[in-house]
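I opened this notebook to keep track of what I looked up, entry by entry, in a structure that was new to me.

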Amino acid sequence: MAIQVIEKEEMNVVGISWNGTYSQVEKIPSLFTKLRGRLEEVPYQKKEEVLIAPFHIRETEITYYVTTPVDVIDEIPDGMVGFTIPRKNYVFGVHKGRIEDVENTYHRMYKWMEEYGYDQDHQALGLEIFKEEHKYQNLAGDLHFDIYLPVKTYKK
């Protein structure tokens, strides 16, 4: 897995949110199905065929969103949220493989950050980006998605 630091531009997103403990993360895959069933309700969608999953991890819980990029946040359907993800530098990597191996991918990225002197920005949202071209393999459990971990400082 090639890991690098990249800058992502500001993005507007609309979608659904979930908050729970780490022991409840098995509920996350159903959020994708739920949003896909409601995508036609979201106005001003960009032509990008991706689902963006911003997340915020804390010591005992996680907040996870499944969203679609939009040009403007104007009308937010009932039961959904809309917000802007600011321009930010991220450590970028790709997970390919089983759901059971996702944690290992994150650990490799955290180890890389430590080795190269990057501090994670715990105040900013991390991102998982699921491209439409990998939709069916993801649904089959052979995951393929991009991971962006926000960074705030470079120590070296």
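Before sorting any residues by class, I noted that Ala, Val, Leu, Ile, Met, Phe, Trp, Tyr, Cys and Pro count as nonpolar, that Asp, Glu, Lys and Arg count as charged, and that the others, Gly among them, count as polar. I also wrote down that this is a predicted model.

**Entry on the largest pocket.** With those classes in hand, I found that the lining of the largest pocket has 17 nonpolar, six polar and five charged residues. I looked up the space in this pocket and found about 910 Å³. The lining is made up of 28 residues, and those nearest the centre of the pocket are Val 25, Ile 28, Tyr 64, Val 102 and Glu 128. I then asked which elements give two or more residues to the lining of the largest pocket. They are the helices α1, α2 (102-116) and α3 (135-139), together with the strands β3, β4, β8 and β9.

**Entry on helix α1.** Which residues of helix α1 are buried? In this helix, which runs over residues 28-36, I listed Ile 28, Leu 31, Phe 32 and Leu 35. Because these residues cover an arc of only 100 degrees around the axis, I placed them on the same side of α1. I then checked what the buried residues of α1 pack against, and noted β2 (11-21), β3 (50-57), β4 (61-70) and β8 (126-131).

**Entry on aromatic rings.** I counted 11 aromatic pairs, taking two rings as a pair if their centres lie within 6.5 Å. In one of them, Phe 92 and Tyr 148, the ring centres are 5.0 Å apart and the planes stand at 45 degrees, so I entered the pair as tilted. Since Phe 92 lies in strand β6 (residues 88-97) and Tyr 148 in strand β9 (residues 143-154), this pair ties together parts that are 56 residues apart in sequence. Both Phe 92 and Tyr 148 are buried. For Trp 112 and Tyr 118 I found ring centres 5.7 Å apart and planes at 10 degrees, so that pair is stacked. Trp 112 is buried, as its relative accessible area is 17%, and the cut-off for buried is under 20%. I also noted one aromatic cluster, formed by Phe 32, Phe 55, Tyr 64, Tyr 106, Tyr 110, Phe 130 and Phe 145.

**Entry on one backbone angle.** Most residues other than glycine have a negative phi. I therefore marked Tyr 44, a residue other than glycine whose phi is positive, near 65 degrees. Tyr 44 sits in the loop between α1 and β3, and at 37% relative accessibility I entered Tyr 44 as partly exposed.

Technical notes: Residues numbered from 1 in each chain as written. Predicted model: local features only at pLDDT ≥ 70, side-chain atom pairs only at ≥ 80, totals over all residues. Heavy atoms only, no water. Phe/Tyr/Trp six-rings, centres within 6.5 Å; stacked < 30°, edge-to-face > 60°. Helix = DSSP H or I, 4+ residues; strand = E, 2+ residues; numbered from the N terminus. Buried < 20%, exposed > 50% of the residue type's maximum accessible area, 1.4 Å probe, protein only. Arc of directions from axis to C-beta. Contact = heavy atoms within 4.5 Å. 1 Å grid on protein atoms, 1.4 Å probe; cavity = no way out; pocket = protein on both sides within 12 Å on 5 of 7 lines; lining within 4 Å. Points joined across faces, edges and corners; volume = space filled by probe spheres on them.
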